[in-house]
Amino acid sequence: ITPRQLALHDKATDAWIAIRGKVYNVTQYLPFHPGGPDELMRGIGKDATSLFDQAALKLFRNKDSSRTAHNDVISIYEVYRNKHETGILSFQA
């Protein structure tokens with residue numbers, strides 16, 4: 001997935017987000033995001049790694065790094081994805 005392709009998926013009905021080189025189709029996950037759909041929509045259609053890091057550091061203040069927080073949150077998302085068949089694609093900057 002190129003940044004140009006990712007940018008085409010920037011709506012609540014077709015929401016993709018890139019974090020650390022992976023693209024997540026989070027369309028079905030939007031209503032379940034702990035920060036609410038509006039918070040997740042801030043990163044939709046683009047590489048949201050920096051936004052994710054900022055949010056993860058606030059959420060996981062006791063963690064060693066945002067990468068650890070990323071792994072924790074993505075693990076939660078993976079469980080959701082497996083349950084609801086939401087896809088993950090590769091991101092090419």
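Which element of the protein has the lowest mean pLDDT, and which the highest? Strand E4, residues 88–90, has the lowest, at 48. Strand E1, residues 10–11, has the highest, at 97. I start there for a reason: this is a predicted model. Confidence comes before detail.

Stay with the tail for a moment. Over residues 88–93, pLDDT is below 50. In the model that stretch still has 26 contacts beyond near neighbours in sequence. Please be careful with those. Where pLDDT is low, predicted coordinates should not be read in detail. Across the whole protein, the average pLDDT is 75. A score of at least 70 is reached by 61% of the residues.

Now the layout. We have four helices and four strands. Starting at the N terminus, the order is α-β-β-β-α-α-α-β. The protein has 93 residues, and 34% of them are buried. Its accessible surface is about 5900 Å². Carbon and sulfur atoms account for 52% of that surface.

How does the chain hold together in terms of contacts? Take the contacts with a separation of 6 or more. Of these, 57% are between residues 24 or more positions apart.

Next, the core. The largest nonpolar core has twelve residues. From the front of the sequence, they include Ala15, Ile17 and Ile19. Tyr24, Val26, Tyr29 and Leu30 are also among them. So are Leu40, Ile44, Ala48, Phe52 and Ala56. Which element supplies the largest share? That is E2, with three residues. E2 and H3 each give at least two.

On to charge. Side chains of opposite charge can pair when their charged atoms come close. How many salt bridges does a search of the whole structure find? Three. Let me take them one at a time.

The pair to look at with me is Asp53 and Arg20. Their closest N and O atoms are 2.7 Å apart. This pair links distant parts of the chain, 33 residues apart. Asp53 sits in helix H3, residues 49–59. Arg20 sits in the loop between strand E2, residues 14–19, and E3. Are the two partners buried or exposed? Asp53 counts as buried, because its relative accessibility is 17% and the cut-off is under 20%. Arg20, at 24%, counts as partly exposed.

Next, Lys11 and Asp10. Their side chains meet in a salt bridge at 3.0 Å, N to O. Lys11 is partly exposed, at 46% relative accessibility. Asp10 is partly exposed too, with a relative accessible area of 37%. Strand E1 covers residues 10–11, the element I opened with.

Then Glu39 and Arg42. Here the closest N and O atoms are 2.8 Å apart. Glu39 is partly exposed, at 32%. Arg42 is partly exposed as well, at 42%.

One last residue: Gly35. Where is it placed? In the loop between strand E3, residues 22–25, and helix H2, residues 37–41. Gly35 has 48% relative accessibility, so it counts as partly exposed. Now find Ala55. Gly35 and Ala55 are 20 residues apart in sequence. In space, C-alpha to C-alpha, the two are 9.3 Å apart.

To wrap up. The core has twelve residues, with E2 giving the largest share. The Asp53 and Arg20 bridge links distant parts of the chain. And residues 88–93 have pLDDT below 50. Thanks, everyone.

Note on methods: Residues numbered from 1 in each chain as written. Predicted model: local features only at pLDDT ≥ 70, side-chain atom pairs only at ≥ 80, totals over all residues. Heavy atoms only, no water. Buried < 20%, exposed > 50% of the residue type's maximum accessible area, 1.4 Å probe, protein only. Salt bridge = Lys/Arg side-chain N within 4 Å of Asp/Glu carboxyl O. Contact = heavy atoms within 4.5 Å. Areas by Shrake-Rupley, 256 points an atom, 1.4 Å probe, with all protein chains shown as cover. Core = buried A, V, L, I, M, F, W, Y, C linked by side-chain atoms within 4.5 Å. pLDDT = per-residue confidence, 0-100.
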